[in-house]
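Visitor: I should like a close look at a single part of this model, namely the interface between the chains. Please describe it in detail and then relate it to the surroundings.

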Amino acid sequence: MAKFKKELSERNIFREYILIMKRIFVTVGSQKMPFNRLIEYVNNLKDDLSESIVCFIQTGVSNYIPKKVEYKDYLTFEEFNSKMLECDILITHGGTGAIVKGLKEKKRIIAVPRLQCYSEHVDNHQLEIVTELTNLGYILSANTYKELLEAIQKIDTIELREFQSNTKTYEDFFSNYLREQLNVQK
Amino acid sequence: MKICLIASSGGHYEQLKIIGKILEGSNTYIISEETDYKNHAQYSLPQLNRKQKCFIFHFAKNIYKSFKIFLKEKPDIIISTGSMIAIPTFLIGKLYSKKLIFIESFAKVNTPTKTGKLLYPISDIFIIQWPNLKKSYPNGIYLGSIY
């Protein structure tokens with residue numbers, strides 16, 4: 001009985017530990033250009049963060065192998081959604097698809113834009129949208145390892161702005177437009 | 001009334017899918033880029049990237065294929081969320097006096113895309129998602145985020 005009680009209490013502690021570990025999902029997008037810099041940053045986070053984290057990285061065509069975290073090059077639509085839903089923090093390249101998906105799922109997001117100077121993208125357009133969304137208070141962003149570390153350390157205490165969908169504006173616009181076109185055709 | 005929806009892959013396609021959903025029930029078809037992963041486009045055109053070797057060759061192929069699709073489908077309205085893949089279809093559409101609607105990307109907050117600048121003069125409706133782009137597109141219609 002004493003042995004059973006001890007095992008049960010050990011299992012409870014383990015369960016508690018899993019619950020307090022922060023789950024971080026990292027995505028580099030589906031571009032044909034690698035983003036080794038972000039993968040290397042995330043790989044190094046485990047050593048420098050005082051709290052426990054569980055990371056999963058979608059690595060795309062990047063060839064840097066992260067030895068300390070789980071990774072896969074591409075995820076199916078379902079796998080990606082699942083990782084997105086499960087995570088506590090999303091670290092993403094500056095692609096709008098991933099950022100917006102994270103915002104819609106009300107995730108805490110740190111965006112790391114792909115930069116042309118490191119041959120991570122053809123230009124710096126990711127920097128433009130990431131800067132704007134950060135200035136508007138929807139996400140945090142980082143361009144260096146130090147900035148990424150700082151962002152993770154403060155993300156739980158910062159109040160981020162909630163994203164409100166604006167798609168209805170387009171629904172109304174196209175609904176009116178098509179009605180006009182149909183009337184013109186008659 | 002038939003509507004052609006055309007966009008390259010990635011964020012451009014994500015934004016096109018939103019338009020596709022809005023127009024569910026209308027007679028539409030989608031043209032996108034050839035990619036390694038599946039998408040729901042009826043037609044795929046080879047990827048266009050201004051940095052690729054033999055760009056002119058790929059662009060010429062795009063023109064030929066775009067024309068074939070256009071003659072087969074005969075759209076009344078052509079809507080694109082970018083990028084370069086839409087240029088031949090828009091030009092062909094203009095030639096045949098079709099309605100052209102271009103939606104500048106959500107990612108472009110302050111600076112226009114090269115495709116946007118090229119197609120702005122011939123578009124019947126040009127939609128921008130950020131107010132600063134009014135400087136580049138004075139007749140652009142600001143609707144805000146498509147998301």
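Guide: The account below takes up the interface, then a helix beside it, and then some charged pairs and buried positions elsewhere.

The structure is a predicted model, in which local features need pLDDT of at least 70, side-chain atom pairs count only at pLDDT 80 or more, and totals for chains, interfaces and linings use all residues, while side-chain values use heavy atoms, without hydrogens or water. Residues are numbered from 1 along each chain as its sequence is written, and chains are lettered from A and ligands numbered from 1 in the order of writing. The model scores ipTM 0.94 and pTM 0.86. For chain B, the average pLDDT (the predictor's confidence in each residue, from 0 to 100) is 93, and 98% of the residues score at least 70.

At the interface, 36 residues of chain B are in contact (heavy atoms within 4.5 Å) with 29 residues of chain A. The size of an interface is often given as the accessible area lost when the parts come together. Here the buried area (the accessible area, with a 1.4 Å probe, that two parts lose on being put together, summed over both) is about 2,800 Å², with 68% of it on carbon and sulfur atoms. On the side of chain A, the most area is lost by Glu128(A), Tyr170(A) and Phe174(A), which together account for 25% of what that side buries.

Eight residue pairs between chain A and chain B, both at pLDDT 80 or more, are in polar contact; this denotes a pair of N or O atoms within 3.5 Å, where within protein one must be able to donate a hydrogen and the other to accept it, and residues adjacent in sequence count only if both atoms are side-chain atoms. Two or more residues on the side of chain A that touches chain B come from each of α4 (96-104), α5 (125-135) and α7 (167-185) of chain A; helices (H or I, at least four residues) and strands (E, at least two) are DSSP runs, numbered from the N terminus. Of these elements, α7(A) gives the most, with eleven residues. By class, that side has twelve nonpolar, eleven polar and six charged residues, where Ala, Val, Leu, Ile, Met, Phe, Trp, Tyr, Cys and Pro count as nonpolar, Asp, Glu, Lys and Arg as charged, and the others, Gly among them, as polar.

Glu128(A) deserves separate attention. Glu128(A) lies in helix α5 of chain A and, with a relative accessible area of 15%, is buried (under 20% relative accessible area, with exposed being over 50% and partly exposed in between; 1.4 Å probe, protein chains only). Beyond residues up to four places away in sequence, Glu128(A) touches Ala107(B), Lys108(B), Val109(B), Asn110(B) and Thr111(B). Between chain A and chain B there is one salt bridge, that is, a side-chain nitrogen of Lys or Arg within 4 Å of a carboxyl oxygen of Asp or Glu. Glu128(A) forms a salt bridge with Lys108(B), and the closest N and O atoms are 3.7 Å apart.

Helix α4(A) leads from the interface into chain A. Its buried residues are Thr96(A), Ala98(A), Ile99(A), Val100(A), Gly102(A) and Leu103(A). They pack against β1 (22-27), α3 (77-86), β4 (89-93), β5 (108-112) and α5 of chain A, together with α1 (11-22) of chain B. Just after α4(A), Lys106(A) takes a positive phi of about 60°.

Over all chains, the salt bridges number 13. Asp156(A) pairs in this way with Lys22(A), at 2.6 Å between the closest N and O atoms. Distant parts of the chain are thereby linked, since Asp156(A) is in the loop between α6 (145-154) and α7 of chain A and Lys22(A) is in strand β1 of chain A, 134 residues apart. Asp156(A) also forms a salt bridge with Arg108(A), whose closest N and O atoms are 3.8 Å apart. Arg108(A) lies in strand β5 of chain A, so this pair ties together parts 48 residues apart in sequence. Lys22(A), Arg108(A) and Asp156(A) are thus linked in a network of salt bridges. Lys22(A) is buried at 11% relative accessibility, whereas Asp156(A) is partly exposed at 46% and Arg108(A) partly exposed at 25%.

In chain B, Gly93(B) lies in helix α3 (residues 87-95) and is buried at 0% relative accessibility. Leaving aside neighbours within four places in sequence, Gly93(B) is in contact with Phe70(B), Ile78(B), Lys98(B) and Leu100(B).
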